[in-house]
Amino acid sequence: CMISPGLELSAILKSYVVIADLTGLNANVMYEVGVAHALGKQVIMVTQEPNAIPFDVRGKRWYGYRLTELADLDKWLQTSLVEVVKELALPESHIH
């Protein structure tokens, strides 16, 4: 699931992988990232503000992107999702 403000927590519960955009460090998004981590979900984080990534998630999977380079973000997300699917031993059909 993709975390965005107002996401229902049930979506996190149902997901194998959570993608979160930390740009702006929205409090709701940060809370939902914390919930996902606490539940042992794989979390992929992206941000337009790499210097603002909190220290406690800096060691996790994240990527800094620019709006002018979205093709690079897309490629990185695809690679990351394939890696996560392999780590979870899921069939690649779970990527959508």
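1. In this predicted model, D21 stands opposite V46 of strand β3, and the neighbouring register can be read from A20, whose bridge partner in β3 is M45. Strand β2, residues 17-21, is joined to β3, residues 42-47, by 5 bridges, and the two strands run parallel. On its other pairing, V46 stands opposite Y63 in β4, so that V46 is named both as the residue facing D21 and as the residue facing Y63, with the caveat that β3 and β4 pair over 3 bridges, again in the parallel sense.

2. The connection between the two strands of the β2-β3 pair deserves a separate remark. Strand β2, helix α2 (residues 27-38) and strand β3 together make a β-α-β unit, and this unit is right-handed. Both strands of the unit are mostly covered: in β2, 4 of the 5 residues are buried, while in β3 the count is 5 of 6.

3. As for the order of the elements, the chain contains 3 helices and 4 strands, and from the N terminus on they follow the pattern β-α-β-α-β-β-α. Of the 96 residues, 32% count as buried. The accessible surface of the chain comes to about 5,900 Å², and carbon and sulfur atoms account for 55% of that surface. Among the contacts with a separation of 6 or more, 45% are between residues that lie 24 or more positions apart.

4. Which elements give two or more residues to the largest nonpolar core? That core has 11 residues, namely I12, V18, A20, L22, V29, V33, A36, V43, M45, I53 and V57, and the elements in question are β2, α2 and β3. Helix α2 provides the largest share, with 3 residues. As general background, nonpolar side chains in soluble globular proteins tend to be buried together.

5. A second core, separate from the one just described, has 10 residues and includes I44, L73, W76 and L77. The strand β3 residues V43 and M45 are listed in the largest core, whereas I44 belongs to the second. A reader may wish to recall here that in a regular strand the side chains alternate between the two faces of the sheet.

6. Within the largest core, L22 can be followed in some detail. Apart from its neighbours within four places in sequence, L22 is in contact with V29, M30, V33, M45, V46, T47 and I53. Of these partners, V29, V33, M45 and I53 are also listed, together with L22, as members of the largest core.

7. The structure holds 1 aromatic pair. The rings of Y63 and W76 have their centres 4.9 Å apart and their planes at 20 degrees, and because planes under 30 degrees apart count as stacked, the pair falls in that class. The pair links distant parts of the chain, with Y63 in strand β4 (residues 62-64) and W76 in helix α3 (residues 70-88), 13 residues apart. Y63 itself is partly exposed, its relative accessible area being 22%, while W76 is one of the residues of the second core.

8. Helix α3 also holds S80. Is this serine buried or exposed? Its relative accessibility is 3%, and since buried means under 20%, S80 counts as buried. Leaving aside neighbours within four places in sequence, the contacts of S80 are with I44 and R61, and I44 is among the residues of the second core.

9. A backbone feature worth checking is L25, which lies in the loop between β2 and α2. L25 has a positive phi of about 45 degrees, although it is not a glycine. At 33% relative accessibility, L25 counts as partly exposed.

10. Finally, S15 is found in the loop between α1 (9-14) and β2. With a relative accessible area of 10%, S15 is buried, because the cut-off for that class is under 20%. The C-alpha atoms of S15 and A36 are separated by 9.2 Å, although the two residues are 21 residues apart along the chain; A36 is listed as a member of the largest core.

Terms used
Residues are numbered from 1 along each chain as its sequence is written. This is a predicted model: local features need pLDDT of at least 70, side-chain atom pairs count only at pLDDT 80 or more; totals for chains, interfaces and linings use all residues. Side-chain values use heavy atoms; hydrogens and water are left out. Buried means under 20% relative accessible area, exposed over 50%, partly exposed in between (1.4 Å probe, protein chains only). Two strands pair if DSSP finds at least two bridges between them. A crossover is right-handed if, with the strands pointing away from the viewer, the path from the first strand over the helix to the second runs clockwise. Rings of Phe, Tyr and Trp (its six-membered ring) pair if their centres lie within 6.5 Å; planes under 30 degrees apart count as stacked, over 60 as edge-to-face and the rest as tilted. A nonpolar core is a set of buried Ala, Val, Leu, Ile, Met, Phe, Trp, Tyr and Cys residues joined through side-chain atoms within 4.5 Å. Contact means heavy atoms within 4.5 Å. Accessible areas come from the Shrake-Rupley method with a 1.4 Å probe; for residues, only the protein chains shown count as cover.
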